[in-house]
Amino acid sequence: MSTAGKVIKCRAAVLWEKNKPFSIEEVEVAPPKAYEVRIKIVAMGICRSDDHVVSGGIITPLPAILGHEAAGIVESIGEGVTTVKPGDKVIPLFVPQCGKCRACKHPESNLCVHNDLGKPQGTLMDGTCRFTCKGKPIHHFMGISTFSEYTVANEISVTKIDAASPLEKVCLIGCGFSTGYGSAVNVGKVARGSICAVFGLGGVGLSAIIGCKAAGAARIIAVDINKDKFAKAKELGATECVNPQDYDKPIHQVLREMTDGGVDFSFEVIGRLDTMLSALLCCQESHGVSVIVGVPPNAQSLTMDPMALLTGRSWKGALFGGYKSKDDVPKLVADFMAKKFPLEPLITNVFPFAKINEGFDLLRAGKRKKFPCCHVQTITCQAAVVWGKNSISIEEVQVEPPKTGEVRIKLVSSGICGSDDHVLKGELPMKFPLVPGHEGAGIVESIGDGVSSVKPGDKVLTLIIPQCGECNSCLHPKGNFCEKQDVLPCSGLMLDGTSRFSCKGKKIYHSFRVSTFIEYTVVPEIAVAKIDAASPMDKVCLISCGVPTGYGAAVHSAKVTPGSTCVVYGLGGIGSAVVMGCKASGASRIIGVDINEEKFPRARALGVTDCLNPRALQKPVQEVVVEMTGAGVDFAFEAIGLVETMTAAWESCNNSYGVCLIIGLATTDSKLCLEATKIITGKSLKGVCLGDYKTRDCIPQLVSDYLQNKMNIDPLITHRLPFNQLHKALELYHAGKTIRCVLLF
């Protein structure tokens, strides 16, 4: 007899309260309403996220029927349902796909607005439940509740699959396999020949290993404290297995030593804050990508040093492997049927439904399922010397001749950057006394032995990030944070460990190995870029740092898309350059945020469409940005270097596909604290240094673009002062009167 339209009585595992076993109960399952589907569950997987609810780590209304990884057969459908019919094999989807919301329409997003994940209501879309037990309503979980013989879900949370599919295997595609495999091939986009690390060797972690192998990774390092899992990991593609408990140093240091500087891709598949940080820090600092896959407990914040991102690492969240559920799950099932990947090794135990608590016991026990120049003499000239915190003076200094592989430059101009102010205030780990400055343009005065890329008389720019062309970062197509840089950490010395400056008989340290607040400087050849002889030297100094950092962050790092919405925190020189980049990329809306409203007219002239002063608002600026844009911006840029504005930029992003770029240089010991559960929804957090440009290759091209009127940096320069008026220039900077002030020698 047909059960369509009738209440069905069946068994379900009910969680009445946290930290208690599931209770197998007889429940009533109401018929599906309009646009709903009732499903007979055939097979279900046990996932760590379900156990987080049991332990209280994830908060959802109780009592509830948990479960979100399953496969079944449609029993009946409600009015208006068109994509499935009774008898179809289906997989319920804890991430729905309505196909109409902003997230579903975005090509790189999968967090449909109709999900029940962030702030779970425990109901279907109409706000009511379909389950009752002992006369009480029982809440849904993630909109699908698969720990029941029958369940009801919204049509947008159900997808039809191949009729020949073995439901006892493909149920894993409902969550675990797709989440892990997709994190590698779809979110991280693991590159052929790369090095990967996977933290956590449960079902999702093993699926990530399968994805890394399928993508062609050369090395896959599996990390877990349970050595019993290593054999299975190697069977599925891991090349090495590491137990953190076998070492007396942090695991990220171990991995960095194993991989000559860090992995290309890392995946955190546990859901612990400490392993999330370890996964990030084990990445190669200039191009490493770390993907957070594991679901963290509610109400926990992740605190980290933003400098870990500034060098070029990317931190991404992955929900359901980035797949658009209704579209992609049937394709994954088809790929499995075509033997493009295995699922069988992920299934280690099979139990009847009544033994669900035994399954969770095994889960908790760990048993389940990244021109030689001769006769060159010392030069005496003027330089700015920082003797200590907030102590700077113009002094007469001695500049030694360049040694092998070095270049001595007569500076023509230097811009004043926020990083220089950090140095002056003692907010960066620098050694005093030193000559500050790093944004310089000049003419080669002399060269040391072995220098071949420039000669005396060439116009050049100094490079805060060198390009040796030999290290891992330089050889990687996405890396630019050369291992011979002197930013993190800063030794204050040349590559041979000595200084070229002295004053009053004392050694004077270099700043970032370039030191441009001086009439003559000495820098390594790898930190010099030859530019067009027609370059106006009083302007192009900005292309040494500020322009590529800001403009490049938009056009090169974030790759801002036409028609997108952007917000820029900080409208100084770098923030203004970001605005230029967003406009050049075709952004339809650019929101500028600054506490100095005097900057707003110039910002609007550069392309800002809306200006916000956080001090003039009645609520946090990020909330205002989200309200203005409906659901958050596509791209957010932090160009100040303050932890609070980094947080605001992050929270301004669309939770599903927003990209937040940290550009501002944070001070020493700054810690960025983010709500852990917001990281896995799909938005990305990325640090960027010099716009991710390979400096010696790309900086000359940017100068050429400027000379060809492809971009206009002139509006960024608000003041030009002679070098001996450095103190006045700093006063203007501190008063917020400048975008960029250029010192002229």
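Colleague: In which sense do strand 11 and strand 12 pair, and over how many bridges?
Modeller: This is a predicted model: local features need pLDDT of at least 70, side-chain atom pairs count only at pLDDT 80 or more, and totals for chains, interfaces and linings use all residues. Residues are numbered from 1 along each chain as its sequence is written, and side-chain values use heavy atoms, leaving out hydrogens and water. Strands (E, at least two residues) and helices (H or I, at least four) are DSSP runs numbered from the N terminus; two strands pair if DSSP finds at least two bridges between them. For strand 11 and strand 12 the sense is parallel, over five bridges.

Colleague: Which residue of strand 12 is the bridge partner of Ile 195?
Modeller: Ile 195 belongs to strand 11. Its bridge partner in strand 12 is Arg 219.

Colleague: Which residue of strand 14 stands opposite Ala 197?
Modeller: Strand 11 also pairs with strand 14, in the parallel sense over four bridges. Opposite Ala 197 stands Ser 266.

Colleague: Which residues of strand 11 point the other way from Ile 195, Ala 197 and Phe 199?
Modeller: In a regular strand the side chains alternate between the two faces of the sheet. Five of the five residues of strand 11 are buried (under 20% relative accessible area, 1.4 Å probe, protein chains only; exposed is over 50%, partly exposed in between). Ile 195, Ala 197 and Phe 199 point one way; the other way point Cys 196 and Val 198.

Colleague: What is the hand of the β-α-β unit made by strand 11, helix 5 and strand 12?
Modeller: View it with the strands pointing away; a clockwise path from the first strand over the helix to the second is right-handed. By that test, the unit of strand 11, helix 5 and strand 12 is right-handed.

Colleague: How many residues of helix 5 are buried?
Modeller: Helix 5 has 12 residues, 203-214. Among the buried ones are Val 204, Leu 206, Ile 209 and Ile 210. They pack against helix 4, strand 11, strand 12, helix 6 and strand 14 (contact: heavy atoms within 4.5 Å). The buried count is 10 of 12.

Colleague: How far does helix 5 reach from its first C-alpha to its last?
Modeller: The expected span is 1.5 Å times one less than the number of residues. That gives 16 Å for helix 5, and the model is close to it, at 17 Å.

Colleague: What is the radius of gyration of the chain?
Modeller: The chain has 21 helices and 35 strands. The globule rule (2.2 Å times the number of residues to the power 0.38, radius taken over C-alpha atoms) gives 27 Å for 745 residues. The chain comes close, so it is as compact as a globular protein of that length, at 29 Å.
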